[in-house]
Amino acid sequence: MADTTRPLATTATIAPRKPISWDRVFVYGVLIFGVILAIFPFLWMLSASLMSLTEVTFGRLLPGELRFTNYLEAWQRANFGQFMWNSVRITGITLAGQLLVCIPAAYAFARMHFVGKNILFSLMLATIMIPEVARFIPNYLTVIWLGRLSEALFGFGWINNWPSLTIPFMATPFTIFLLRQFFLQIPEDLWDAARIDGAGHLLFLRTIVIPLSRAPIMTSITFGFIGSWNALLWPLLLTQTDDWRPVAVGLTKFVNSDAPTALHLQMAASVLMIIPILILYFFTQKQFTVGIATTGLKG
């Protein structure tokens with residue numbers, strides 16, 4: 001016989017609903033709005049590059065028919081083959097020079113002791129605050145003087161040539177600062193162990209510091225690539241012919257003179273210009289994120 005004194009099973013209690021966090025809704029709303037503002041121009045550029053001129057003129061958001069021939073026409077009319085090759089050479093030389101100059105400089109500021117180190121580092125950081133345009137005049141006069149000296153000694157000048165487009169950007173204060181901050185975080189015990197084994201600063205830098213600093217170095221390469229690839233004002237000032245003009249100058253020339261009304265071709269040429277940057281970021285995004293996250297503000 002069943003026990004009538006046993007309490008009947010009660011239904012499961014429903015947990016109270018959490019109140020809506022309006023602060024979180026506001027934060028997410030602002031973030032989503034910012035993402036839309038950042039991405040929409042690029043999405044429209046990509047869409048317009050596949051439209052006809054009529055569709056772009058009437059402000060359509062999506063193409064009725066995908067016109068991939070716009071890229072081929074823009075490539076040929078803008079002479080992008082030459083400008084792309086110029087940018088590849090300029091960017092390659094600049095990045096190689098930055099690695100050769102900035103890594104030893106950052107190591108010296110981080111791990112070595114010499115008279116006036118803090119003063120020199122402060123002066124170097126102060127140059128970051130100076131607008132780029134304000135540095136054009138002294139840099140231009142320096143390039144003119146060094147170009148004349150180079151022409152007298154070696155037979156080639158700097159104006160309208162690769163030295164004027166690369167050498168002034170091989171020592172970048174931001175890259176030195178970024179690498180120095182990471183070098184400061186390398187344990188001092190590694191340096192002590194290297195000294196016991198008879199290693200000096202150069203061997204320690206080559207065998208210990210650089211392998212441990214792959215992420216910030218890749219981050220520096222990414223920033224350097226973007227800055228060199230997008231350079232416009234300085235090449236316009238230092239070049240008179242298309243022999244060494246980079247792709248940004250080629251795009252400006254195409255927009256202003258060769259296709260002033262062909263908006264769909266302008267968008268196609270713009271997409272072609274940013275493709276190398278997107279490819280670089282696709283392969284280096286992990287190291288880029290790690291390099292930014294692990295580079296502290298010590299020192």
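Buried means under 20% relative accessible area, exposed means over 50%, and partly exposed covers what lies in between. The exercises below apply these cut-offs to a predicted model.

**Exercise 1. Decide whether leucine 61 is buried or exposed, and state which nonpolar patch includes Leu61.**

Solution. Begin with the position: leucine 61 sits in the loop between α2 (53-57) and α3 (69-77). Next take its relative accessible area, which is 55%; because exposed means over 50%, leucine 61 is classed as exposed. Finally, look at the surface around it: Leu61 belongs to a nonpolar patch that also includes Phe26, Tyr28, Phe40 and Leu62, and the residues of this patch together have about 1100 Å² of accessible area.

**Exercise 2. Describe the overall make-up of the protein: how many helices and strands does it have, and what percentage of its residues count as buried?**

Solution. The secondary structure consists of 14 helices and 0 strands, so that the pattern read along the sequence is α-α-α-α-α-α-α-α-α-α-α-α-α-α. As for burial, 36% of the 299 residues fall in the buried class.

**Exercise 3. Characterise the largest pocket by its volume, its lining residues and the classes of those residues.**

Solution. The volume comes to about 910 Å³. The lining is made of 30 residues, and those nearest the centre of the pocket are Glu132, Arg135, Phe169, Thr172 and Pro173. Turning to the elements, two or more lining residues come from each of α4 (80-111), α6 (136-154), α8 (173-183), α11 (214-229) and α12 (233-238). Sorted by class, the lining of this pocket holds 19 nonpolar, 9 polar and 2 charged residues.

**Exercise 4. Find which residues line the largest cavity and which helix gives the most to that lining.**

Solution. The count of cavities of 30 Å³ or more is 1, and the largest cavity has a volume of about 60 Å³. Its lining consists of Leu95, Gln98, Leu99, Ile103, Thr175, Leu179, Ile217, Ser220 and Ile221. At least two of these residues are supplied by each of α4, α8 and α11, with α4 giving the most, namely 4 residues. By class, 6 of the lining residues are nonpolar, 3 are polar and none is charged.

**Exercise 5. Where do asparagine 79 and asparagine 160 lie, and is each of them buried or partly exposed?**

Solution. Asparagine 79 is found in the loop between α3 and α4, and its phi is near 55 degrees, a positive value in a residue other than glycine. With a relative accessible area of 34%, asparagine 79 is partly exposed. Asparagine 160 occupies the loop between α6 and α7 (162-166) and, although not a glycine, has a positive phi of about 60 degrees. Its relative accessibility is 19%, and because buried means under 20%, asparagine 160 is placed in the buried class.

**Exercise 6. Work through three of the salt bridges, giving for each pair the N to O distance and the accessibility of both partners.**

Solution. Side chains of opposite charge can pair when their charged atoms come close. The model has 5 salt bridges, among them the following.

- Glutamate 55 pairs with arginine 60, the closest N and O atoms being 3.5 Å apart; glutamate 55 is buried at 12% relative accessibility, whereas arginine 60 is partly exposed at 40%.
- Glutamate 73 pairs with arginine 77, with 3.4 Å between the closest N and O atoms. These two residues are 4 apart in helix α3, and therefore separated by about one helical turn; glutamate 73 is partly exposed at 34%, and arginine 77 is partly exposed at 38%.
- Arginine 111 meets glutamate 188 at 3.1 Å, N to O. This pair links distant parts of the chain, since arginine 111 is in helix α4 and glutamate 188 is in helix α9 (residues 188-196), 77 residues apart. Arginine 111 is buried at 11%, while glutamate 188 is partly exposed at 44%.

Finally, Asp242, Arg245 and Lys253 are joined into one network by salt bridges that share partners.

Definitions and conventions
Residues are numbered from 1 along each chain as its sequence is written. This is a predicted model: local features need pLDDT of at least 70, side-chain atom pairs count only at pLDDT 80 or more; totals for chains, interfaces and linings use all residues. Side-chain values use heavy atoms; hydrogens and water are left out. On a 1 Å grid over the protein atoms alone, a cavity is a set of points where a 1.4 Å probe fits but cannot get out, and a pocket is an open set with protein on both sides within 12 Å along at least five of seven lines; lining residues have an atom within 4 Å of a point. Grid points are joined across faces, edges and corners, and a volume is the space filled by probe spheres set on the points. Ala, Val, Leu, Ile, Met, Phe, Trp, Tyr, Cys and Pro count as nonpolar, Asp, Glu, Lys and Arg as charged, and the others, Gly among them, as polar. Patches are made of residues with over 30% relative accessible area and no salt bridge: like charges are joined within 9 Å, nonpolar side chains (Val, Leu, Ile, Met, Phe, Trp, Tyr) within 5 Å. Accessible areas come from the Shrake-Rupley method with a 1.4 Å probe; for residues, only the protein chains shown count as cover. A salt bridge is a side-chain nitrogen of Lys or Arg within 4 Å of a carboxyl oxygen of Asp or Glu. Buried means under 20% relative accessible area, exposed over 50%, partly exposed in between (1.4 Å probe, protein chains only).
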